[in-house]
Amino acid sequence: MQLSKTEEELMNHIWKLKKGFMKDLLEAYPEPKPKTTTVATLLKRMADKGFVGYKLFGKSREYYPLVKKKDYFSKHVNGLIKNFFNDSSSQFASFFTKETNLSKVELEELRAIIDNEIKNK
């Protein structure tokens, strides 16, 4: 399952906070803040999809992530590679390095990360 853009934005706030009540989540948004009912609807959908859970404290709910950010984005990127780059990570890497206007320093940092991964294999 995937999150919509608005759900993903809310999920990013939840990952950052690690847990939070509705007021905490609303405070995490920049102005103009969404309506409470909008966030409540998003939270319900996200709970139904298995992305967030909550603990009840009286009538209040404290929300927390059920999915790790790294796991979500890893699956997202792998799906992107499969669907848009013919399941070829080298095609993805070529596109990424050419189309994102990385500086020479950033490319060298990327090479160092790749070289380190090669050593660890």
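**Exercise 1. The loop between α4 and α5**

Does D87 count as buried or exposed, and at what relative accessibility? Work out also where D87 and N86 sit and what their phi values are.

*Solution.* The model is a predicted one, in which local features need pLDDT of at least 70 and side-chain atom pairs count only at pLDDT 80 or more, whereas totals for chains, interfaces and linings use all residues. Residues are numbered from 1 along each chain as its sequence is written, and side-chain values use heavy atoms, with hydrogens and water left out.

Step 1. The classes of accessibility are buried (under 20% relative accessible area), exposed (over 50%) and partly exposed in between, with a 1.4 Å probe and protein chains only. D87 has a relative accessibility of 56% and therefore counts as exposed.

Step 2. D87 belongs to the loop between α4 and α5, where helices (H or I, at least four residues) and strands (E, at least two) are DSSP runs numbered from the N terminus. N86 is placed in the loop between α4 and α5 as well, and, because its relative accessibility is 63%, N86 counts as exposed.

Step 3. Although D87 is not a glycine, its phi is positive, at about 60°; N86, also a residue other than glycine, has a positive phi near 50°.

Step 4. Helix α5 covers residues 89-99 and includes S89, which counts as exposed because its relative accessibility is 52%. The C-alpha atoms of S89 and K5 are separated by 25 Å, with these positions 84 residues apart along the chain.

**Exercise 2. The chain as a whole**

Determine the order of the elements and decide how the radius of gyration compares with the globule rule.

*Solution.* Step 1. The secondary structure consists of six helices and two strands, and from the N terminus on the order is α-α-α-β-β-α-α-α.

Step 2. The radius of gyration (taken over C-alpha atoms) is to be set against the globule rule, 2.2 Å times the number of residues to the power 0.38. The chain has a radius of gyration of 19 Å, well over the 14 Å that this rule gives for 121 residues, so the chain is more spread out than a compact globule.

Step 3. Taken along the principal axes, the box filled by the C-alpha atoms is roughly 55 × 25 × 25 Å, and buried residues make up 21% of the 121 residues.

**Exercise 3. The core and helices α1 and α3**

Identify the residues with the most contacts inside the largest nonpolar core, and then examine the helices α1 and α3 that help to supply it.

*Solution.* Step 1. A nonpolar core is a set of buried Ala, Val, Leu, Ile, Met, Phe, Trp, Tyr and Cys residues joined through side-chain atoms within 4.5 Å. The largest one has 17 residues, and L10, M11, I14, V39, L43 and M46 have the most contacts inside it; at least two of its residues come from each of α1 (5-17), α2 (22-28) and α3 (36-48).

Step 2. Contact means heavy atoms within 4.5 Å. If residues up to four places away in sequence are not counted, L10 touches L25, Y29, V39, L42, L43 and M46.

Step 3. The buried residues of α1 are E7, E8, L10, M11, H13, I14 and W15, and they pack against α2, α3, β1, β2 and α4 (69-84).

Step 4. In α3 the buried residues are V39, L42, L43 and M46; seen down the helix axis they fall within an arc of 100°, so they line one face of α3, the arc being that of the directions from the helix axis to the C-beta atoms. On the face turned away from this buried side, α3 carries the exposed residues T37, K44 and D48.

**Exercise 4. The hairpin and a cis peptide bond**

Describe how β1 and β2 pair, and locate the cis peptide bond next to P32.

*Solution.* Step 1. Strands pair if DSSP finds at least two bridges between them; β1 (residues 52-57) and β2 (residues 60-65) pair in the antiparallel sense over six bridges, and L56 has R61 in β2 as its bridge partner.

Step 2. These strands form a hairpin with two residues between them, and in the turn G58 has a positive phi of about 65°.

Step 3. E31 and P32 are joined by a cis peptide bond with omega of about -5°, and P32 is found in the loop between α2 and α3.
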